[in-house]
Amino acid sequence: MSDLQPAFILVRPQMGENIGAAARAMLNFGLTHMRLIDPRDGWPNPRAVAMASGAAGKVLDHAGVFETLPEAIHDCSYVFATTARSRDLTKPVMTPERAMEHARALCASGQKVGILFGPERAGLENEDISRANAIISIPVNPDFASLNLGQAVLLCAYEWRRQGDATPPEVLELAGTELAPAIEVEKLGDHYEERLEEAGFFFPATKAEGMKLNLRNLWSRMPLTRADVQTLHGVLRQIVRKAGK
């Protein structure tokens, strides 16, 4: 297992489809180290391959297969166990966000990390969890806390990726154009102010300055592109042209 990412360890998984779904979820977020403990339907599993859908098959191709949990975590210095139920065990309980933040710090320091996911029907047993250093508890609806194996893997994989991803929370997609410089927005404002003045829009005179100020504020508040500015000039010219006929 690379020291750059954790191993996602599926403990006694039951359905090949869920193993394949877990592989897809892992690769979606750049994770490739899967370990399987005593898969119910044996290994390799054609249903897992079919569900993995193409590229994610490489996660399955390199998955380690073990008979017992101690064998699967033998080289891990820190192990997380995912569970939705409260346990009578004294351990740190972390959200996926906090757990993956901690996992990244551990991996960055050269430590090997494992994350346990239990079988679909009942999840991890207390004996499994007793071998973990910490618990990951996903804050789901307490009246329906059951997560599909692939979903649980997806949530943890997403948080792993998010902790190390520099993607800004919001961007403006400019679709082949660029934001209009201030001078073009200024000229657009002048154009509308002139035409609206001619049309008698700024009435009564006592409110004219305030109305103009509001219009200027409107233009500056909008993230106008150069294409937007050209369109708005064209709209106004056409309105004036039609009004003059």
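Reader: In which loop does Pro-204 lie?
Author: The model discussed here is predicted. In this model, Pro-204 follows a peptide bond from Phe-203 that is cis, with omega near 0°. As for its place in the chain, Pro-204 belongs to the loop between α8 and α9.

Reader: Where is the Pro-44 that a cis peptide bond joins to Trp-43 found?
Author: The bond between Trp-43 and Pro-44 is cis, and its omega is about 5°. Pro-44 sits in the loop between β2 (34-37) and α2 (46-52).

Reader: Which residue has a positive phi although it is not a glycine?
Author: The residue in question lies in the loop between β1 (7-11) and α1 (16-28). Its phi is about 50°, and the residue is Arg-12.

Reader: At what angle do α8 and α9 pack?
Author: Helix α9 covers residues 205-221. The axes of α8 and α9 are 10 Å apart, and the angle of packing is about 145°.

Reader: What is the handedness of the crossing of α8 and α9, left-handed or right-handed?
Author: On the α8 side, the contact includes Val-185, Leu-188, Tyr-192 and Leu-196. These and other residues of α8 meet Lys-212, Leu-215, Arg-216 and Trp-219 in α9. By class, the contact of α8 with α9 has six nonpolar, one polar and six charged residues. The crossing of the two helices is right-handed.

Reader: How is α8 oriented to α10?
Author: Helix α8 spans residues 182-198 and helix α10 spans residues 226-243. Their axes come within 10 Å and cross at roughly 15°. Angles under 35 degrees count as roughly parallel. Therefore α8 is, with respect to α10, roughly parallel.

Reader: How many charged residues has the contact of α8 with α10?
Author: The crossing of α8 and α10 is left-handed. In α8, the residues that meet α10 are Glu-184, Lys-187, Leu-188, His-191, Tyr-192 and Arg-195. Their partners in α10 include Arg-226, Val-229, Leu-232 and His-233. By class, this contact has seven nonpolar residues, two that are polar, and, as charged residues, five.

Reader: Why is α5 described as oblique to α7?
Author: The axes of helix α5 (residues 96-108) and helix α7 (residues 149-163) come within 8 Å. They cross at roughly 55°. An angle under 35 degrees would be roughly parallel, and 65 to 115 would be roughly perpendicular. The crossing angle therefore makes the orientation of α5 to α7 oblique.

Reader: What is the handedness of the crossing of α5 and α7?
Author: Helix α5 contributes residues to the contact that include Pro-96, Met-100, Ala-103 and Cys-107. Among those from α7 are Cys-156, Glu-159 and Trp-160. By class, the contact of α5 with α7 has six nonpolar, one polar and six charged residues. The crossing itself is right-handed.

Reader: What is the volume of the largest pocket?
Author: The volume asked for is that of the largest pocket in the model. Its value is about 410 Å³.

Reader: Which of the residues that line the largest pocket are the closest to its centre?
Author: The lining of the largest pocket has twelve nonpolar, seven polar and four charged residues. Of the 23 residues that line this pocket, the closest to its centre are Thr-83, Ala-84, Gly-123, Ala-145 and Leu-147.

Key:
Residues are numbered from 1 along each chain as its sequence is written. This is a predicted model: local features need pLDDT of at least 70, side-chain atom pairs count only at pLDDT 80 or more; totals for chains, interfaces and linings use all residues. Side-chain values use heavy atoms; hydrogens and water are left out. On a 1 Å grid over the protein atoms alone, a cavity is a set of points where a 1.4 Å probe fits but cannot get out, and a pocket is an open set with protein on both sides within 12 Å along at least five of seven lines; lining residues have an atom within 4 Å of a point. Grid points are joined across faces, edges and corners, and a volume is the space filled by probe spheres set on the points. Ala, Val, Leu, Ile, Met, Phe, Trp, Tyr, Cys and Pro count as nonpolar, Asp, Glu, Lys and Arg as charged, and the others, Gly among them, as polar. Axes are lines fitted to C-alpha atoms, for helices over the stretch in contact, and angles run from 0 to 180 degrees between N-to-C directions. Helices (H or I, at least four residues) and strands (E, at least two) are DSSP runs, numbered from the N terminus. Angles under 35 degrees count as roughly parallel, over 145 as roughly antiparallel, 65 to 115 as roughly perpendicular and the rest as oblique. A crossing is left-handed if the near helix is turned anticlockwise from the far one by less than a right angle, and right-handed if clockwise. Contact means heavy atoms within 4.5 Å.
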